[in-house]
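Colleague: I should like to learn how to read the features of a structural model. Please begin with the overall picture and then proceed to a pocket.

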Amino acid sequence: MSERSNRLDWRLLLPARMQQPTGEVLVLGGSDEMCQSLVDHRLAHRWRRPLGPSDTSPFVVAWDDCTMHVEEIARHVAPEGVLYMEIDRRRRGRRTVGLRAVRRGLRGLGCDVYAAHIVTPDLRAPRRYLPMDDPAAVRWHLRVLFVAGTPISRVVRRCLSALLATPAAGAVADIVGLRYTVVATNPRDTTAPLGVPVSRGGERAIVLTSGYDQASRAVVLPFAPDADTPTFAVKVASTTATAVGTLREHERLVALHRDLPKSTARALPVPMGVYTLAERTACIQSCAPGPSMSATVGRWGRSPAGKSGDLDVVVDWLTEFAIATRVDANEADRDWTSIYTEARAVLDLPTDVVDLLDAAETVARSSEIGKVVVHQHYDAGPWNVHIDGTKPLLIDWETDDLRPADCRGPALADVLYLVTYWYFLVTGTRSEDDEHDAIERLFVTSPAADEAVVGGRAAIERARASLGFERDATPAVLCALWAERAVYTHRRRTSLGVLVEPGGSRPEAYLRALARARMTMSSMDDW
């Protein structure tokens, strides 16, 4: 949390008994802008600084740059009050402040640790909140979500997981918790965290956030006492204005479970209910079994065959899903081939990209691919896929007003999206320049540049053949895919007041890379 971020997802870790927004919050450290964010995001009606060392408040926030000792901070918490405190042990004066030291300082003043969470990658751009006092939850994260993409990170993952299974787990968590948050209350507080609407008591929670932009939501994964897997997943909208995406995801899942064959619906989360948490919409779903595809495919040292096997499993399901949801294009809310025209109108594209879109539009409008539509996931990347043995499960079916209400679009789009990001993971692609090179190798270069290209192309061809489309449908849909993502990104950022430079989004950069590589509608003939 910082001046550069509007994310306040730690609020979901506060006790549910705490009414939000509170009347006031007393703030220690941080800029005035950071303090005001607490009011802007309705954690409190007003904020203030302390009037003196004995000034108290029912809600106290101490940012990571607060230089006061723990005991001094705790003196500002009123009886029965709540303290949120950030600890960055890289800062001078905080290097020896582990969780055990914090507990001692709080207990002397009538407070106790309600929840403590390791924050990664840092406090200013948090992506993960991992409970320090629940080793099983941290081990689950290491097994299911952590991407061990280098030899060192894989060794660290194994060692940490092993140590967290021993009686020394508490000391290990204290050592690795370089940046962590503490929520402190009175020792008798046994209420559930705010982000766990169906509570049996004693839950600890992981909080995840993509940090994509200020409209991104949070995901809470509660762990019951002694459980080694989450009870369910809670999707929490960032604001009331962005709740439509979360509500529509719930509605989509209800409809898909109703309409799909059971054998196909097995790969979807089960929707379990809708709640309101601190004025924010939350939907509960079943939790995905098995590790994330990002974790399995991105793992250093895993065999190419295993990584291709994971891809095949998911592509086969996406093909099955497309066949099950396929309808005539005349039945759709929107003609998906209009995206080529929209991209030319909305984006400032160079001539070679415009020419590429023109060629793709000609193919789409004159071939079978333009006559049908299928249900779209829209974000079927490895991060939204879990694989349990040989069974995939796709999460995050969120959508909003910037997408068609019926969520229908071109067949093959989800497959091409998945294969692209799978290839990035397999090849360790990280920088934008590397991504452009990878796009060229995967879709344009002939003969195939490496074994992963062979596997990716084979998966795409198998899906195309199963769906019964012509070979030039693949490049036409590839252009439609990135044109739609580029237009969506442009409109979403514009709605949030973010300046969008020409070529400033990755989808648009991918279109430019394909055009520079001279991709044509017959490029796939060489596959």
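Modeller: The protein chain has 17 helices and 17 strands; helices (H or I, at least four residues) and strands (E, at least two) are DSSP runs numbered from the N terminus. This is a predicted model, in which local features need pLDDT of at least 70, side-chain atom pairs count only at pLDDT 80 or more, and totals for chains, interfaces and linings use all residues. Residues are numbered from 1 along each chain as its sequence is written, and side-chain values use heavy atoms, with hydrogens and water left out.

Colleague: How is empty space found, and how much lies in the second largest pocket?

Modeller: Rolling a probe the size of a water molecule over the atoms shows where empty space is left. On a 1 Å grid over the protein atoms alone, a pocket is an open set of points where a 1.4 Å probe fits, with protein on both sides within 12 Å along at least five of seven lines. The volume is the space filled by probe spheres set on the points, which are joined across faces, edges and corners. The second largest pocket holds about 290 Å³.

Colleague: Which residues lie nearest the centre of that second largest pocket?

Modeller: Lining residues have an atom within 4 Å of a point. There are 16 here, and Ala255, Leu256, Asp259, His375 and Asp406 lie nearest the centre. Two or more residues each come from α7 (243-259) and α10 (304-325), with α7 giving the largest share, seven residues.
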